[in-house]
Amino acid sequence: MKSQRAEPSPESVVLLVGVVGLILTIALGTAGFVVGGVLVVLVAFGLVKQHKKPLVEAAAGPGTLPAEHSVTVTGEERYQDVLALLAPTPPTDVVAELRDCVITKGTHQGEHTLEVLVGGRPVGRLTHAMGRRYGQVVEEWRANTGPALCQAIVTHEGTRGFQITVLLPR
(Lines give C-alpha, C1' and ligand atoms only; values in the text may rest on other atoms or scores of the structure.)
Protein backbone atom coordinates (compact mmCIF):
# COMPACT_ATOMS: atom_id res chain seq x y z
CA MET A 1 0.00 0.00 0.00
CA LYS A 2 1.41 3.38 -1.05
CA SER A 3 1.34 6.17 1.45
CA GLN A 4 0.06 9.40 0.04
CA ARG A 5 1.80 12.50 1.18
CA ALA A 6 -0.37 15.56 1.24
CA GLU A 7 1.15 18.54 -0.53
CA PRO A 8 0.70 21.83 1.26
CA SER A 9 -1.52 24.33 -0.51
CA PRO A 10 0.08 27.56 -1.73
CA GLU A 11 -2.08 29.43 0.79
CA SER A 12 -0.72 27.42 3.73
CA VAL A 13 2.85 27.94 2.49
CA VAL A 14 2.23 31.69 2.25
CA LEU A 15 0.73 31.71 5.75
CA LEU A 16 3.66 29.75 7.19
CA VAL A 17 6.25 31.91 5.46
CA GLY A 18 4.35 35.03 6.56
CA VAL A 19 4.42 33.91 10.19
CA VAL A 20 8.13 33.09 9.97
CA GLY A 21 8.74 36.46 8.28
CA LEU A 22 6.85 38.25 11.04
CA ILE A 23 8.88 36.49 13.73
CA LEU A 24 12.13 37.38 11.93
CA THR A 25 10.90 40.92 11.44
CA ILE A 26 10.29 41.34 15.16
CA ALA A 27 13.60 39.71 16.04
CA LEU A 28 15.73 41.52 13.46
CA GLY A 29 13.78 44.73 12.92
CA THR A 30 13.93 44.43 9.14
CA ALA A 31 10.24 44.45 8.22
CA GLY A 32 10.31 45.34 4.56
CA PHE A 33 13.34 43.31 3.64
CA VAL A 34 12.25 40.07 5.29
CA VAL A 35 8.63 40.19 4.17
CA GLY A 36 9.49 41.64 0.76
CA GLY A 37 12.28 39.13 0.20
CA VAL A 38 9.95 36.29 1.11
CA LEU A 39 7.36 37.66 -1.32
CA VAL A 40 9.94 37.80 -4.12
CA VAL A 41 10.97 34.18 -3.44
CA LEU A 42 7.34 33.03 -3.38
CA VAL A 43 6.57 34.84 -6.63
CA ALA A 44 9.70 33.37 -8.25
CA PHE A 45 8.59 29.84 -7.38
CA GLY A 46 5.03 30.51 -8.50
CA LEU A 47 3.54 29.97 -5.05
CA VAL A 48 1.68 33.26 -5.15
CA LYS A 49 0.52 35.38 -8.02
CA GLN A 50 2.36 38.56 -8.70
CA HIS A 51 0.21 41.59 -7.99
CA LYS A 52 -0.05 44.32 -10.57
CA LYS A 53 -0.73 46.81 -7.78
CA PRO A 54 2.46 48.45 -6.45
CA LEU A 55 3.37 48.06 -2.79
CA VAL A 56 3.40 51.84 -2.40
CA GLU A 57 0.74 53.50 -4.49
CA ALA A 58 0.95 56.94 -5.97
CA ALA A 59 -1.82 59.20 -4.79
CA ALA A 60 -1.90 62.54 -6.54
CA GLY A 61 -3.79 65.14 -4.66
CA PRO A 62 -3.55 68.11 -2.37
CA GLY A 63 -0.87 66.38 -0.27
CA THR A 64 1.62 66.02 -3.14
CA LEU A 65 3.69 68.61 -4.96
CA PRO A 66 2.44 69.43 -8.48
CA ALA A 67 3.79 66.84 -10.94
CA GLU A 68 4.87 69.07 -13.83
CA HIS A 69 8.48 68.14 -14.55
CA SER A 70 10.52 64.92 -14.29
CA VAL A 71 13.73 65.13 -12.26
CA THR A 72 16.39 62.42 -12.24
CA VAL A 73 17.39 60.82 -8.95
CA THR A 74 21.04 59.83 -8.44
CA GLY A 75 22.67 57.18 -6.27
CA GLU A 76 19.93 54.61 -6.69
CA GLU A 77 22.53 51.94 -7.50
CA ARG A 78 23.02 51.63 -3.72
CA TYR A 79 19.30 50.99 -3.20
CA GLN A 80 18.53 48.32 -5.80
CA ASP A 81 17.15 45.90 -3.20
CA VAL A 82 14.69 48.49 -1.87
CA LEU A 83 13.58 49.54 -5.36
CA ALA A 84 13.08 45.89 -6.34
CA LEU A 85 10.69 45.46 -3.41
CA LEU A 86 8.80 48.64 -4.22
CA ALA A 87 8.44 47.93 -7.92
CA PRO A 88 8.34 44.19 -8.64
CA THR A 89 6.77 44.94 -12.04
CA PRO A 90 8.19 48.24 -13.32
CA PRO A 91 7.25 50.80 -14.36
CA THR A 92 5.55 51.49 -11.03
CA ASP A 93 4.08 54.73 -9.75
CA VAL A 94 4.96 55.49 -6.13
CA VAL A 95 4.79 58.39 -3.71
CA ALA A 96 8.19 59.72 -2.65
CA GLU A 97 9.17 62.08 0.13
CA LEU A 98 11.86 64.72 -0.18
CA ARG A 99 13.98 65.48 2.89
CA ASP A 100 17.06 67.56 3.50
CA CYS A 101 20.39 65.75 3.54
CA VAL A 102 24.09 66.51 3.33
CA ILE A 103 26.23 65.38 0.40
CA THR A 104 28.87 63.01 1.78
CA LYS A 105 31.35 62.83 -1.11
CA GLY A 106 32.39 64.54 -4.31
CA THR A 107 32.92 68.17 -5.24
CA HIS A 108 29.88 69.32 -3.24
CA GLN A 109 30.72 67.36 -0.09
CA GLY A 110 29.20 68.98 2.99
CA GLU A 111 26.58 70.92 1.02
CA HIS A 112 22.85 70.28 1.20
CA THR A 113 20.56 68.56 -1.28
CA LEU A 114 17.32 66.57 -1.07
CA GLU A 115 17.15 62.87 -0.29
CA VAL A 116 14.39 60.81 -1.90
CA LEU A 117 12.57 58.29 0.29
CA VAL A 118 9.84 55.82 -0.61
CA GLY A 119 7.97 54.04 2.14
CA GLY A 120 10.30 55.75 4.62
CA ARG A 121 13.40 54.21 3.01
CA PRO A 122 16.06 56.16 1.13
CA VAL A 123 16.29 55.37 -2.58
CA GLY A 124 18.60 58.13 -3.82
CA ARG A 125 18.98 61.90 -3.86
CA LEU A 126 18.70 64.86 -6.16
CA THR A 127 21.84 66.29 -7.69
CA HIS A 128 23.36 69.31 -5.98
CA ALA A 129 21.89 71.61 -8.66
CA MET A 130 18.39 70.14 -8.37
CA GLY A 131 18.62 70.19 -4.57
CA ARG A 132 19.38 73.93 -4.74
CA ARG A 133 16.59 74.49 -7.24
CA TYR A 134 13.92 72.70 -5.19
CA GLY A 135 15.23 73.27 -1.64
CA GLN A 136 13.17 76.42 -1.02
CA VAL A 137 10.07 74.92 -2.66
CA VAL A 138 10.28 71.86 -0.40
CA GLU A 139 10.92 73.98 2.70
CA GLU A 140 7.86 76.16 1.99
CA TRP A 141 5.73 73.10 1.22
CA ARG A 142 6.66 71.48 4.54
CA ALA A 143 5.92 74.69 6.45
CA ASN A 144 2.49 75.13 4.83
CA THR A 145 1.30 71.63 3.94
CA GLY A 146 3.33 68.94 5.71
CA PRO A 147 5.77 66.35 4.37
CA ALA A 148 7.10 67.13 0.90
CA LEU A 149 5.48 64.27 -0.99
CA CYS A 150 5.66 63.91 -4.77
CA GLN A 151 4.80 61.41 -7.42
CA ALA A 152 7.63 59.22 -8.70
CA ILE A 153 8.12 56.45 -11.24
CA VAL A 154 10.35 53.41 -10.70
CA THR A 155 11.62 51.80 -13.90
CA HIS A 156 14.10 49.06 -14.74
CA GLU A 157 16.61 49.82 -17.47
CA GLY A 158 18.62 46.71 -18.38
CA THR A 159 22.18 46.91 -17.10
CA ARG A 160 21.49 50.14 -15.19
CA GLY A 161 18.98 48.33 -13.00
CA PHE A 162 16.19 50.11 -11.17
CA GLN A 163 15.92 53.86 -11.67
CA ILE A 164 13.58 56.37 -10.04
CA THR A 165 12.39 59.70 -11.38
CA VAL A 166 10.47 62.23 -9.28
CA LEU A 167 7.83 64.55 -10.69
CA LEU A 168 8.14 68.10 -9.35
CA PRO A 169 6.79 71.59 -10.13
CA ARG A 170 8.37 73.61 -12.96
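**Contacts, strands and core of the predicted model**

The side chains of H128 and H108 make a polar contact, at 3.4 Å. This comes from a predicted model, and H128 is a handy place to start looking around. H128 belongs to helix α4, which covers residues 128-144. With a relative accessible area of 13%, H128 is buried. Leaving out residues up to four places away in sequence, H128 touches I103, H108, E111, H112 and T113. There is also L114 to consider: it sits 14 residues from H128 along the chain, and the two C-alpha atoms are separated by 8.3 Å.

Next come the strands. β2 (92-102) and β3 (112-118) run antiparallel and are joined by seven bridges. Within this pairing, E97 stands opposite L117 of β3. On to the next partner: β3 also pairs with β4, residues 121-125, again in the antiparallel sense, this time over four bridges. V118 has R121 in β4 as its bridge partner. The hairpin of β3 and β4 has two residues between the strands, and there G119 takes a positive phi near 60 degrees. For background, most residues other than glycine have a negative phi. As for how β3 sits in the model, six of its seven residues are buried, so the strand is largely enclosed by the rest of the structure.

The largest nonpolar core holds 26 residues, and those with the most contacts inside it are L98, V116, V123, L126, I164, V166 and L168. Several elements chip in: α3, β2, β3, α4, β5 (148-156) and β6 (162-168) each supply at least two residues of this core. L98 gives a good idea of the company kept there. Not counting residues up to four places away in sequence, L98 touches L65, L114, E115, V116, V138, R142, A148, C150 and L168.

Charged side chains pair up in a few places, with the count of salt bridges coming to three. In general terms, side chains of opposite charge can pair when their charged atoms come close. One of the pairs is D100 with R142, whose closest N and O atoms are 2.9 Å apart. This pair links distant parts of the chain, since D100 is in strand β2 and R142 in helix α4, 42 residues apart. D100 counts as partly exposed at 49% relative accessibility, and R142 is also partly exposed, with a relative accessible area of 29%. Another pair is E97 and R99, whose side chains meet at 3.2 Å, N to O. Here E97 is buried, with a relative accessible area of 19%, while R99 is partly exposed at 38%. Then there is E157 with R160, meeting at 3.1 Å, N to O. E157 counts as partly exposed at 38% relative accessibility, whereas R160 is exposed, with a relative accessible area of 51%.

R160 turns up again in the story of E76. E76 is buried yet has no salt bridge, and R160, the nearest side chain of opposite charge, is 5.8 Å away. Because a salt bridge calls for a side-chain nitrogen within 4 Å of a carboxyl oxygen, E76 and R160 at 5.8 Å do not make one. E76 is found in the loop between β1 (69-72) and α3. Setting aside neighbours within four places in sequence, E76 is in contact with L83, V123, F162, Q163 and I164. Two of these names, V123 and I164, are also among the residues with the most contacts inside the largest nonpolar core.

Two more loops round off the picture. T64 has its place in the loop between α2 (31-44) and β1. T64 counts as buried at 9% relative accessibility. Far along the chain is L167, 103 residues from T64 in sequence, yet their C-alpha atoms are 9.9 Å apart in space. The other loop lies between α3 (80-86) and β2, and P91 is found there. A cis peptide bond joins P90 and P91, with omega at about 0 degrees. By way of context, most peptide bonds are trans.

Notes
Residues numbered from 1 in each chain as written. Predicted model: local features only at pLDDT ≥ 70, side-chain atom pairs only at ≥ 80, totals over all residues. Heavy atoms only, no water. Buried < 20%, exposed > 50% of the residue type's maximum accessible area, 1.4 Å probe, protein only. Lys, Arg positive; Asp, Glu negative; His and termini not counted. Contact = heavy atoms within 4.5 Å. Polar contact = N/O pair within 3.5 Å; in protein donor to acceptor, adjacent residues only side chain to side chain. Core = buried A, V, L, I, M, F, W, Y, C linked by side-chain atoms within 4.5 Å. Pairing = 2+ DSSP bridges.
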